[in-house]
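Colleague: Please take a close look at the nonpolar packing in this model, and go on from there to the open space in it.

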Amino acid sequence: MTPRDGRPWLPVALLLLQVPGCWCLSGPTSVTGTVGGSLSVQCQYEEKFREMVKYWCKSPCVWSTVKTKEADIEESNGRVSIRDHPANLTFTVTLENLTEGDAGTYWCGIVTSWLPGYFLDPTFLVVVSVTPGCFSIQGPRSVRGLEGGSVSVQCNYTADWKTYEKWWCRGADWTSCQILVQTNGSEQVMKRDRVSIKDNQSHLLFTVTMEDVRQDDTDTYWCGISRHGPDLGTSIKVTIDPVGMILSTWVSPLSRTTTSGRAGAPSDSYIRHHYILLVFLKVPILLALVGAVLWLKGPQQRPSIYMNLSSDLVRDTVP
């Protein structure tokens, strides 16, 4: 009797290695963006992966497109960036200036082995779709704001859509984003929670304002127009920075991206924080420097003063 061959399990094991995805890593199964726009993908992981390197790659995923290095530090490679958020056990990947060639199958992954690609790493498959750009509605590609302040976004549209309902929704996937606020076809201001929208039909634009913004408001949003058939829309990346970042931006506050997307016009929240910094930091430093200069010049001026006083005393004592 020959010994029983133990190799029949090998094909099964190899098959399991090829099964994509992992229950310990999750995220959206598909996301959609428009040509020239941007999209974001957020992947959730378990506590045991908090300190490990995360990455994003395009199938066949032999090498990672971009990967993290440190927590809460954005790493980028060309038009793709990644940021790990250990506080809420997620990492976010952003693709900017999309092209039709960006469409395809991608993987969220966590480095747990020395093998390249996703053979042994926890991964999650994400299908990226890129639709042709829409010229009927346009807006800024990205806006920034400070925590606790407000962010305003202006989206322009063509005259054909003047009386149509406009909306603002949140979510990287165009087909399933959550509408936060919507107009009723008039110029009346519509508000819901911390978000308001107002259509200016004479100027063919509508304005969305997000108030008392928080860091978790950072996401991909859409300006959209309701119509029969597929709605029209354009994606906008909204980033909310912590108030502490003002210390790193006081050198050149005018170089910040504006909330309305117009170059050279900083947001109200940045201007407000800049003036606070001016009063409590810049002015005291300037006064201290002036005082130091005057103090250093003082010893140089004292000898001449003493010489003048001595000559006056001698002149007074001479009959």
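Modeller: Contact here means heavy atoms within 4.5 Å. By that criterion, and leaving aside neighbours within four places in sequence, Leu25 is in contact with Cys43, Gln44, Tyr45, Phe91, Cys108, Gly109, Ile110, Pro122, Thr123 and Phe124. The model is predicted, with local features needing pLDDT of at least 70 and side-chain atom pairs pLDDT 80 or more, while totals for chains, interfaces and linings use all residues. Residues are numbered from 1 along each chain as its sequence is written, and side-chain values use heavy atoms, without hydrogens or water.

Leu25 belongs to the largest nonpolar core (buried Ala, Val, Leu, Ile, Met, Phe, Trp, Tyr and Cys residues joined through side-chain atoms within 4.5 Å; buried is under 20% relative accessible area with a 1.4 Å probe, protein chains only). This core has 25 residues, and those touching the most other members are Leu25, Val41, Trp56, Phe91, Leu95 and Cys108. At least two of its residues come from each of β3 (39-45), β7 (80-85), β8 (90-95), β9 (104-110) and β10 (123-131), strands being DSSP runs of E of at least two residues, numbered from the N terminus. A second, separate core has 23 residues, including Trp168, Val195, Val213 and Val238.

Outside the cores, Ser226 lies in the loop between β19 (219-225) and β20 (232-241). Ser226 counts as buried because its relative accessibility is 19%. Leaving out residues up to four places away in sequence, Ser226 touches Tyr164, Glu165, Trp167, Gln182 and Asp231.

Technical notes:
Helix = DSSP H or I, 4+ residues; strand = E, 2+ residues; numbered from the N terminus. Buried < 20%, exposed > 50% of the residue type's maximum accessible area, 1.4 Å probe, protein only.
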